[in-house]
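Hi,

Here is the structure I said I'd pass on. Have a look first, and my notes follow underneath.

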Amino acid sequence: MKTSFPTLSDARRLQLLELPDGVLDFVLDTDTFNEIDDQFALVYALLCPERLRLQAVCAAPFFNENSTGPKDGMEKSYDEILRILSRMDVSPDGLVFKGSDRYLPDEDTPVDSSAARRIAELALAHTPDHPLYVAAIGAITNVASALLLEPSIIDRMVVIWLGGHAPFWPDTREFNLVQDIPAARVIFGSGVPLIQLPCFGVVDRLSVSLPEIEAWVRGQGAIGDYLADTYKACAKDHFAHSRVIWDLSAVAVLTCPDAVSTTLCHSPVVSDEGLYSFPADRHLIRQAYSLNRDAIFRALFEKLQEVRT
């Protein structure tokens, strides 16, 4: 990595990784049309104004069977964000931003976008004593681009990323990470304060079944019905079936931190093959190792009940 980032002391980085009380300025970076879990995360974030002051929602790129390429995935995610906001009577003006139309070509070249510029702008308006919290629940292209566009924001933001697998997993070829390995290397290598939420081995505990969704989500206003319909459509057969709502974890780590257990570890190096190594000379990050599944879903369901009442 040739980009020169400011150097944070270990003490300063660890201080930034201690979550304060009160309301946090928050950005959600989401590939909302990729799966069904981003929708739940966005709704949950919008329902927690006592903890999260939502500054921006950024559409992230993705490429799978639900898109024809990263740009199409980002555009579809942008449209899905608008659909969710409309059902919650939230204006998108000045809040929703289109992100990268492609992945990083290398670790030193950002993909300029409205989302990356907005993340950098918001971070610059913050201070090390009052940082911006950026939760990324897709390929981390937009956030890495913001850091490359404005390296000075490194001590003005805290990144929460759902990406990679647990260190004991045989590989880390996880969807969010392997889509844009250069962006992952920027996040892991820049020194930005980072809370990593590994998928397999940790966040995969966040599974929920259709009977639970019908009991606790459907009927909770227009947005509850939308989430329930979205969940029901994700499978033809829901008998003895559950679905992991991965992205809730990136909001829950801030709204109910007691439900997400983390530990300190050295920031990993990611190989081209999608494998981790953990050199002892790397800086420290926080990494989740356990979740309280019931506490997280209870918090979401209680928030949705407030919508109905």
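Before the sheet, a bit of vocabulary: two strands count as paired if DSSP finds at least two bridges between them, and helices (H or I, at least four residues) and strands (E, at least two) are DSSP runs numbered from the N terminus. This is a predicted model, where local features need pLDDT of at least 70, side-chain atom pairs count only at pLDDT 80 or more, and totals for chains, interfaces and linings use all residues. Residues are numbered from 1 along each chain as its sequence is written, and side-chain values use heavy atoms, with hydrogens and water left out.

Now the sheet: it is open, with eight strands in the order 3-2-1-4-5-6-12-9 and mixed pairing. Strand 3 (96–98) and strand 9 (260–266) are the edges, each pairing on one side only. Strand 6 (residues 194–197) runs parallel to strand 12 (residues 284–291), paired over two bridges; Ile195 has Arg286 in strand 12 as its bridge partner.

Then there's the largest pocket (an open set of points on a 1 Å grid over the protein atoms alone where a 1.4 Å probe fits, with protein on both sides within 12 Å along at least five of seven lines; lining residues have an atom within 4 Å of a point). Its lining has 20 residues, with Asn34, Glu35, Asp37, Phe175 and Trp246 nearest the centre. Helix 2 (37–46) and helix 6 (175–179) are the elements that each give two or more residues to that lining.

Cheers
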